[in-house]
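This report walks through a metal site and two sheets, with the helices that accompany them. Please keep the coordinates open while reading.

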Amino acid sequence: MQVNGHRIPGTPVAVDVWRRMRGVYLYFLSHMHADHTVGLAPLWEHGRLYTTQRSAIMLAAKYGLASPRVEILTENETHVIPLAHGESMAVTVYNANHVEGAAMFLFDGYFGRVLYTGDVRADAALAAAYAGSALWDALRGVDLLVLDNTYASPASGAFPPRGEAVVEVVAAAQAARDRGKRIVLALDTLGKQPLLNALHDAGFSISYTVDRLNAALSDDGRPHPAPHTGPGPSAVLGVPKWSFGSYIKAMGDAVVGIMPSCYPPPEYTAASAPENVVVIPYSDHSSYAELEAFVAHVAPVDIMPIVGHVNTSLRTIFAHVLPPPQPSRPPPPIPQAVVEAMTAGFIPPRSVAHGSPPSSSLLAFDGLISYKPPPRRAQFASPAFVSIAKKGARLVRRPSPTAAASSRKRITPWTPSGEQRKRAMGTEIGLEPPAKKPRHLVVSSRASTGQALPRSVPPRGMRAETWARFCEVYDTIHK
Ligand SMILES: [Zn+2]
């Protein structure tokens, strides 16, 4: 599946990208659609994950991910998030008017101001919800707009506001009911909730598969049409979009199919659909005209697309509403503390809503979890690793299954030379093994001999200041 997410250039921040990336430790989830969650898994642990409350409910239901790994950012508030020792950024969370829990993020820090829309329906309803507020004004003139460009082309045509599409769906359902037909309605795993609510309000009994995401939401106490329980069949049968065709074929003329989509499967476009299928342009994404108005409001210095496969330049498409291009400037310098944190990798402390700046105390580093230098260099271990080492255990890196099979007969621990010991710095450091026995990395425990951490010699590849700071944190945690 396509990954519709990006790293914010020159920062430790990524939105909707879930692979481990060098220098990234703050991950933001815009919403729970599958193309924005590629790589999320129950054991995901590449950094701290920030999202909205409703997405967090679904995240817990689907992957079991929760606090403290996940931090909830309340909508329409500004949160201060520590980036590194003494450095922070502000994140303002907007409702993206897309699906349950979907958010836009406005990042503000040393890198300038970046608006990341995620998927957005920037229609009149969104503008009306924020009109006249300081939050809406705050979007103006950002340095970079990362835009949902799903329909960012005049060729994609116009489609009605979502409210109108809902009315059309209900009207089509009523017409079908008057002719004594059942209705098969194409749904997605997430979204289209307004359709279900409107049909319910119009007196239709509805049955549909309650998938995990929907189930999680109904647990939340939000009004949610109760699935039909009988007697007799329901008037509306909600089915996944991908299986819509097989229901229509199997049930034939006894049903009317409603396909609420601006991007239907090829056999169910308005032009190609059979007589008993109605295609209604319902969209959770912005139309071209809506994007145009949104870009004109935001008036960003620079603009980039979220959906990579649309091979067009947004700067050209929206040239008529964008401010004139400015001469290119060098990217803002990354503060030294952030550079070091990106090198060392850590999970910062929790953010602070509404602003007081984060404490600049050493505790700002209490989440230091791992040091990931280039391969074959010294390596920090986790606190658990350290505590095992303190007990005097020797830790052996597990060889790969093949390596284990080929060396099962004899595993010889590697003993560092005097010079290598000097660099070893005690319990945290694994050493580069000699070339002949690369598969077994043994860490000798200096702590087990009662010696303090030697401070004067940083491990190879690490700056002296970074090492000194680590030692301070180590003492804070272990005293
Ligand atoms: Zn989406």
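## The zinc site

The model is predicted, and the description begins with its metal. The zinc ion is held by four residues, namely His31 through NE2, His33 through ND1, His98 through NE2 and Asp119 through OD, at 2.1 to 2.2 Å. Along the sequence these donor residues follow the spacing H-x1-H-x64-H-x20-D, and both His31 and His33 are buried.

How is the geometry of the site classed? The angles among the four donor atoms run from 93 to 157°, and the site of the zinc ion is irregular. The tetrahedral class would require all angles to lie between 85 and 135 degrees, so the upper end of the range, 157°, rules that class out. For reference, four ideal tetrahedral donors would stand at 109.5 degrees to one another.

## The mixed sheet and helix α1

One open sheet has five strands in the order β1-β2-β3-β4-β5, and its pairing is mixed. At its edges stand β1 (6-7) and β5 (70-72), each of which pairs on one side only. Within this sheet, strand β3 (residues 26-28) and strand β4 (residues 48-51) run parallel and are joined over three bridges, with Leu26 placed opposite Arg48 of β4.

Helix α1 (residues 53-63) packs on this sheet, where it touches β4 and β5, and its direction makes about 125° with that of β4. Buried residues of α1 include Arg54 and Ser55 as well as Ala56, Met58, Leu59 and Tyr63. After α1 comes Gly64, which has a positive phi near 75°.

## The parallel sheet and helix α7

A further open sheet, also of five strands, has the order β12-β13-β11-β14-β15 and parallel pairing. Because β12 (206-208) and β15 (277-280) stand at the edges with a single partner strand each, one side of each is left without a neighbour in the sheet. From one strand to the next, the twist averages 25°.

Strand β11 (residues 182-187) pairs with strand β13 (residues 236-240) in the parallel sense, over five bridges, and in this pairing Ile183 faces Val236 of β13. Which strands does helix α7 lie across? Helix α7 (residues 244-251) lies across β11, β13, β14 (255-260) and β15, and runs at about 165° to β11.

Note on methods:
Residues numbered from 1 in each chain as written. Predicted model: local features only at pLDDT ≥ 70, side-chain atom pairs only at ≥ 80, totals over all residues. Heavy atoms only, no water. Donors = N, O, S within 2.8 Å, 3.2 Å for Na, K, Ca; no water. Tetrahedral: all angles 85-135°; square planar, octahedral: opposite > 155°, others 65-115°. Buried < 20%, exposed > 50% of the residue type's maximum accessible area, 1.4 Å probe, protein only. Pairing = 2+ DSSP bridges. Helix = DSSP H or I, 4+ residues; strand = E, 2+ residues; numbered from the N terminus. Axes fitted to C-alpha atoms, helices over the stretch in contact; angles between N-to-C directions. Contact = heavy atoms within 4.5 Å.
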